[in-house]
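Below is a short note for a colleague who has not looked at this entry before. The points are numbered so that each can be checked against the display.

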Amino acid sequence: MIRATDIPPSTKPISTAGTAANIALGSNYLSGDGADEGIFVDSIGQIGIGTITPDSKLHLSGTGAAPAKLVFERTDGSVGQKDWVQYVDSSHSFLLGKADDTGTLANEYFTILTGGNVGLGVTNPGAKLSLP
């Protein structure tokens with residue numbers, strides 16, 4: 001049996017330092033102490049990815065080339081398309097559509113602009129509801 005005391009401190013996957021234990025995930029941690037997070041879990045079980053201040057059960061945060069997005073993919077499909085991607089773009093609009101192999105939005109089907117206009121099959125809706 002290997003004990004935590006048998007592992008050099010620099011290579012320990014679990015740390016008890018700080019206010020919460022951390023589990024090493026490469027150079028980041030699954031933690032609750034506010035340092036070096038890949039995934040942060042607060043004291044009431046809210047999960048933050050890209051944030052250490054989650055304000056819901058699951059809070060995704062990102063900017064620039066790594067926006068807060070969810071990618072839904074079937075692994076038994078053909079190469080050439082991931083299934084769906086949902087994210088908030090740089091203008092804070094909500095987008096849903098088909099994604100390419102990299103998870104990048106390839107075909108936008110549903111858009112909600114920051115002003116509230118909704119587009120179904122329209123990427124820049126000019127009214128409360130815009131259809132093609």
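Which residue in E11 is the bridge partner of isoleucine 112? The partner is valine 118. The points below put that pair in its setting, and they refer to a predicted model.

1. Overall make-up. The protein has twelve strands and zero helices. Read along the sequence, the pattern is therefore β-β-β-β-β-β-β-β-β-β-β-β. Of the 132 residues in the protein, 21% are buried.

2. The six-stranded sheet. Six strands form an open sheet in the order E7-E8-E9-E10-E11-E12, and the pairing is mixed. At its edges are strand E7 (69-72) and strand E12 (129-130), each of which pairs on one side only. Strands of a sheet pair through backbone hydrogen bonds, in either a parallel or an antiparallel sense.

3. E7 with E8. Strand E8 covers residues 84-88 and pairs with E7 in the antiparallel sense, over four bridges. Within this pairing, valine 71 has valine 85 in E8 as its bridge partner.

4. E8 with E9. Four bridges also link E8 and E9, again in the antiparallel sense. Valine 85 appears here too, standing opposite glycine 97 in E9. Valine 85 is thus a convenient residue from which to trace the sheet: valine 71 is its bridge partner, and glycine 97 in E9 stands opposite.

5. The hairpin of E8 and E9. Five residues lie between these two strands. One residue to look at is histidine 92, located in the loop between E8 and E9. Its phi is near 70°, a positive value in a residue other than glycine. Is histidine 92 buried or exposed? Histidine 92 counts as exposed, because its relative accessibility is 60% and the cut-off for exposed is over 50%.

6. E9 with E10. These strands run antiparallel and are joined by six bridges. In this pairing, phenylalanine 94 stands opposite isoleucine 112 in E10. The hairpin of E9 and E10 has five residues between the strands, and glycine 103 in that hairpin takes a positive phi near 90°.

7. E10 with E11. Three bridges join E10 to E11, and the two strands run antiparallel. This is where the opening question belongs: isoleucine 112 has valine 118 in E11 as its bridge partner, while phenylalanine 94 stands opposite isoleucine 112 in the pairing with E9. The hairpin of E10 and E11 has five residues between the strands, with glycine 116 at a positive phi near 105°.

8. The loop after E10. Threonine 114 is found in the loop between E10 and strand E11 (118-120). Threonine 114 counts as exposed, at 57% relative accessibility. Which residue, 21 residues apart from threonine 114 along the chain, has its C-alpha atom 5.3 Å from that of threonine 114? The residue is serine 93.

9. Aromatic pairs. The structure holds two aromatic pairs. One of them is formed by phenylalanine 94 and phenylalanine 110, with 6.2 Å centre to centre and 80° between the planes, an edge-to-face arrangement. Phenylalanine 94 lies in strand E9 (residues 94-99) and phenylalanine 110 in strand E10 (residues 105-112), so the pair ties together parts that are 16 residues apart in sequence. Both residues are partly exposed: phenylalanine 94 has a relative accessible area of 26%, and phenylalanine 110 has 24% relative accessibility.

10. A nonpolar surface patch. Val41, Ile47, Ile49 and Leu58 form a nonpolar patch on the surface, and together they have about 280 Å² of accessible area. Isoleucine 47, one of these residues, lies in strand E5 (residues 47-49). Isoleucine 47 is partly exposed, with a relative accessible area of 31%.

11. Glutamine 46. Glutamine 46 is found in the loop between strand E4 (37-41) and E5. Why does glutamine 46 count as buried? Its relative accessibility is 14%, and the term buried applies to values under 20%. A polar atom of the glutamine 46 side chain lies 3.1 Å from the backbone oxygen of proline 54.

Notes:
Residues numbered from 1 in each chain as written. Heavy atoms only, no water. Pairing = 2+ DSSP bridges. Phe/Tyr/Trp six-rings, centres within 6.5 Å; stacked < 30°, edge-to-face > 60°. Buried < 20%, exposed > 50% of the residue type's maximum accessible area, 1.4 Å probe, protein only. Patch = residues over 30% accessible without salt bridge, like charges linked within 9 Å, V, L, I, M, F, W, Y side chains within 5 Å. Areas by Shrake-Rupley, 256 points an atom, 1.4 Å probe, with all protein chains shown as cover. Salt bridge = Lys/Arg side-chain N within 4 Å of Asp/Glu carboxyl O. Polar contact = N/O pair within 3.5 Å; in protein donor to acceptor, adjacent residues only side chain to side chain.
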